[in-house]
Amino acid sequence: MDIFDQLENVEVRYREINAMLSDPEITKDSNKIKELSKEEGDLRETVQEYQQYKKVKADLEDTNELLNESLEDEMKELAEMEKEELLEEKEALEEKLKFLLIPKDENDGKNIIMEIRGAAGGDEAQLFAGDLFHMYQKFADKNGWKTEVLESTSTGVGGFKELILSINGKNVYSKLKYENGAHRVQRVPETESQGRVHTSTATVVVMPEVEDVEVDIDQNDIRVDIYRASGAGGQHVNMTDSAVRLTHEPTGIVVAMQDERSQLKNREKAMKVLRSRVYDYYEQAAQAEVDAERKSAIGTGDRSERIRTYNFPQGRVTDHRINLTVHKLEQVLDGDLDEIVEELTLQDQAQKLEQL
């Protein structure tokens, strides 16, 4: 089936949906109306562009017929100009329609839960985890998104063993979903007396934030443990049992929260993270089956996969999945991720176009 057969099917489905939305029997079902309205909205732009494409194609056929007739020089020149313009518009519409047919990622418009952890490299890895947190926070600020730290475990040297945060805003997941994996830093640590470059890593996990209705978690499958909060240097120390640990027994996923003094708030935050982790767990399992014989052009998203290197001596950042190197390390770590995100998105779209 070529793309124009697919577009015909999309247009037929669009007309079916609009007919159903006018059906008095269907309008009684609010859930069905909501589902159909969403599908109608998802298809609308594709159908409008396809209808414009068909109009341009018909105009082009008319112009070609006109050129086959005996015309005065002035009329022929005008027809040739019109043909050129129509050909350009037809080509542009064909390109746009290809991208509109790329299957939509249903999570692209969602907020995210992000987890950053220092990995190999001790104190230096944990300092780098803090640098990544700063980078994503700055990128979020530039996009008008809201960042909230849900849980953090800091170190005495100013880094972080672990950070769990939520980032809320427009299309957050679509721009940050490619950050999954191991990030590598190459630099001379402040504690290195002989000036040797050390290599350390931090891992980043990005999960769409999900609602109760999107992931079926049986409350009977969750073990809840309440305990007294504690922290380094007396931070978060509490005289009441406010810390919460949730264990999802079918998957073994554990989430602990103690940053808030309120047990209820810690439980709410823990449940938000647990929902996203459980959803991500099952999504990863399903995707592993799909990708068993095919590796994505932008990587598998595997948590252990090294995706990017931040090299301080050379002032460069290299994304290994798309062989992109930019020589603006400081700007990237200050939140200038647009070029990298755009290239990753284009590579992903190009691969999906091939699959079409």
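## The largest nonpolar core

A nonpolar core is a set of buried Ala, Val, Leu, Ile, Met, Phe, Trp, Tyr and Cys residues joined through side-chain atoms within 4.5 Å. The structure examined here is a predicted model. Its largest nonpolar core holds 36 residues, and those touching the most other members are Met-114, Ile-116, Leu-132, Tyr-136, Leu-176 and Tyr-310. At least two residues of this core come from each of the strands β1 (112-118), β3 (160-168), β5 (198-208) and β11 (324-326), and likewise from each of the helices α4 (122-142), α5 (172-176), α7 (329-333) and α8 (338-355). The leading contributor is α4, with eight residues.

Leu-176 illustrates the packing. Leaving aside residues up to four places away in sequence, Leu-176 is in contact with Ile-112, Met-114, Tyr-136, Phe-139, Trp-145, Ile-167 and Val-206.

## A second core

Separate from the core around Leu-176 is a second one of 18 residues. Among its members are Ile-17, Leu-43, Tyr-50 and Leu-60.

## The second largest pocket

The second largest pocket has a volume of about 630 Å³. Its lining comprises 24 residues, and Lys-104, Asp-105, Asp-108, Ser-174 and Gln-349 are the ones nearest the pocket centre. By class, twelve lining residues are charged, seven are nonpolar and five are polar.

Four helices, α2 (30-67), α3 (73-100), α5 and α8, each provide at least two residues of this lining. The greatest share comes from α8, with seven residues. Both α5 and α8 thus supply at least two residues to the largest core and at least two to the lining of this pocket.

Technical notes
Residues numbered from 1 in each chain as written. Predicted model: local features only at pLDDT ≥ 70, side-chain atom pairs only at ≥ 80, totals over all residues. Heavy atoms only, no water. Buried < 20%, exposed > 50% of the residue type's maximum accessible area, 1.4 Å probe, protein only. Contact = heavy atoms within 4.5 Å. 1 Å grid on protein atoms, 1.4 Å probe; cavity = no way out; pocket = protein on both sides within 12 Å on 5 of 7 lines; lining within 4 Å. Points joined across faces, edges and corners; volume = space filled by probe spheres on them. Nonpolar A, V, L, I, M, F, W, Y, C, P; charged D, E, K, R; others polar.
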